[in-house]
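Let's work through a few short exercises together. Have a look at the model first, then follow each solution step by step.

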Amino acid sequence: MSRTVYLDHNATTPIAPEVIDAMQPFFSDHWGNPSSLYGMGNQAKRAVDQARRSVAAFVGASDPSEIIFTSSGTEGNNLALRGTVKALPGPMRLLSSSVEHSAVLEPLGALAEEGLRWDQVPVHPAGTINSTVFEEILAEAEERVLASFMWANNETGIVFPVRMLAEAVKEAGGIFHSDAVQAAGKLQIDVQQVPVDLLTISGHKLYAPKGIGALYVRRGTRLDSLMKGGHQERGRRGGTENVPFIVGLGKACELAMKQLEEDALREARLRDRLEQGILAMYDGAVVVGEHAERLPNTSNICFRHMEGEAVLMMLDDQGICVSTGAACESGSIEPSHVLKAMHIETALINGAIRFSVGRYTTEQDIEFLLEKLPAILNRLKALSPRFN
Ligand code: PLP
């Protein structure tokens, strides 16, 4: 049987067997509606309440009512941003980094089109935030600031100083949201230590299913709902709860809390072995953000003068799954906005490959990659006029 080596955990994770086991009864036996007043409804409600407590504990929330279940990280980000703008009267100014995920950039762009001013703070070539520009914008803003800065970047794994950013925004009287979709389960998230008002997580980056997420909303934060309907989620998100998936997210958070340190250490070791092997194998390889603080599982490596797409396809032929630093938009390959914002040369960006290991990645997986990659790079070199 052919082997599959999955090295794309930042795209999505498999569902943990413990999560599948926890969800199963809520498909087959306990399928009641949490709003129903009889026993079956109560049973579903108790399961949702338990999951809410687990998610709250996972992010350090003091009260489970600070958690709103959503359909995804994308919904959490949209609810946080648009829900805040709708809830608060008076002028508002939007602030983010230039390397946010599209699930933050697009809603902010839409609000900007509706007339709000939006500033994007640039990053240094190493990928860290330009804090001088951040402080200047904060000092100059006359309007109330709504800031959104990711906890860690999905493409590079670079971690932002969210605590410093959140403290500065709070001191200036603003609202602070963090997209922690990639950080959750890989780094400790504690909203008691970092004064965020709003924080987004997503199940499928955390060994729970796709199509479930949560938004933390600090008590006292004003937020309008986007999904008008029933009274679910205290009126902040109408719609009958997705009980099995909510149970799955709760279980995934419990597992992540238990295993965070062990997973992080193991994944960092595998990631370091991968980097060391590739740097030794290919002269033109550059690790993006090598010296910045990074997620333990992520390595974005640029293969100078290679086509990332070609490397990806040939790895796929060997059963190895990775992603490129470029996205296919309307049929054309667009260099990653994140790597562009870091002022990385085009010859490097075009050859960017993101490797992201996970809970079930083994040493053998990494060795398999390191064994297959040299022949792929040599073959691509032989096909490229640049190397001949
Ligand atoms: N934010 C970040 C940083 C992400 O990496 C992703 C998914 O790739 C999202 C948001 C969107 O999450 P979801 O796929 O659950 O909508």
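**Exercise 1: two helices that cross**

Task: find how helices H3 and H8 cross, and which residues touch.

Step 1. The axes of H3 (residues 39-59) and H8 (residues 243-281) come within 8 Å and cross at roughly 35°. Helices here are DSSP runs of H or I with at least four residues, and strands are E runs of at least two, numbered from the N terminus. Axes are lines fitted to C-alpha atoms over the stretch in contact, with angles from 0 to 180 degrees between N-to-C directions. This is a predicted model: local features need pLDDT of at least 70, side-chain atom pairs count only at pLDDT 80 or more, and totals for chains, interfaces and linings use all residues. Residues are numbered from 1 along each chain as its sequence is written, and side-chain values use heavy atoms, leaving out hydrogens and water.

Step 2. The touching residues (heavy atoms within 4.5 Å) include Ala44, Val48 and Phe58 of H3 and Val243, Leu249 and Met257 of H8.

Step 3. Sorted by type, the contact of H3 with H8 has 14 nonpolar residues, three polar and one charged.

**Exercise 2: Gly229**

Task: is Gly229 buried or exposed?

Step 1. Locate Gly229 in the loop between strand E8 (213-217) and H8.

Step 2. Gly229 has a relative accessible area of 63%, so Gly229 is exposed (buried is under 20%, exposed over 50%, partly exposed in between; 1.4 Å probe, protein chains only).

**Exercise 3: two cysteines**

Task: classify Cys302 and Cys321.

Solution: Cys302 is buried because its relative accessibility is 1%. Cys321, at 24%, is partly exposed.

Conventions:
Nonpolar A, V, L, I, M, F, W, Y, C, P; charged D, E, K, R; others polar.
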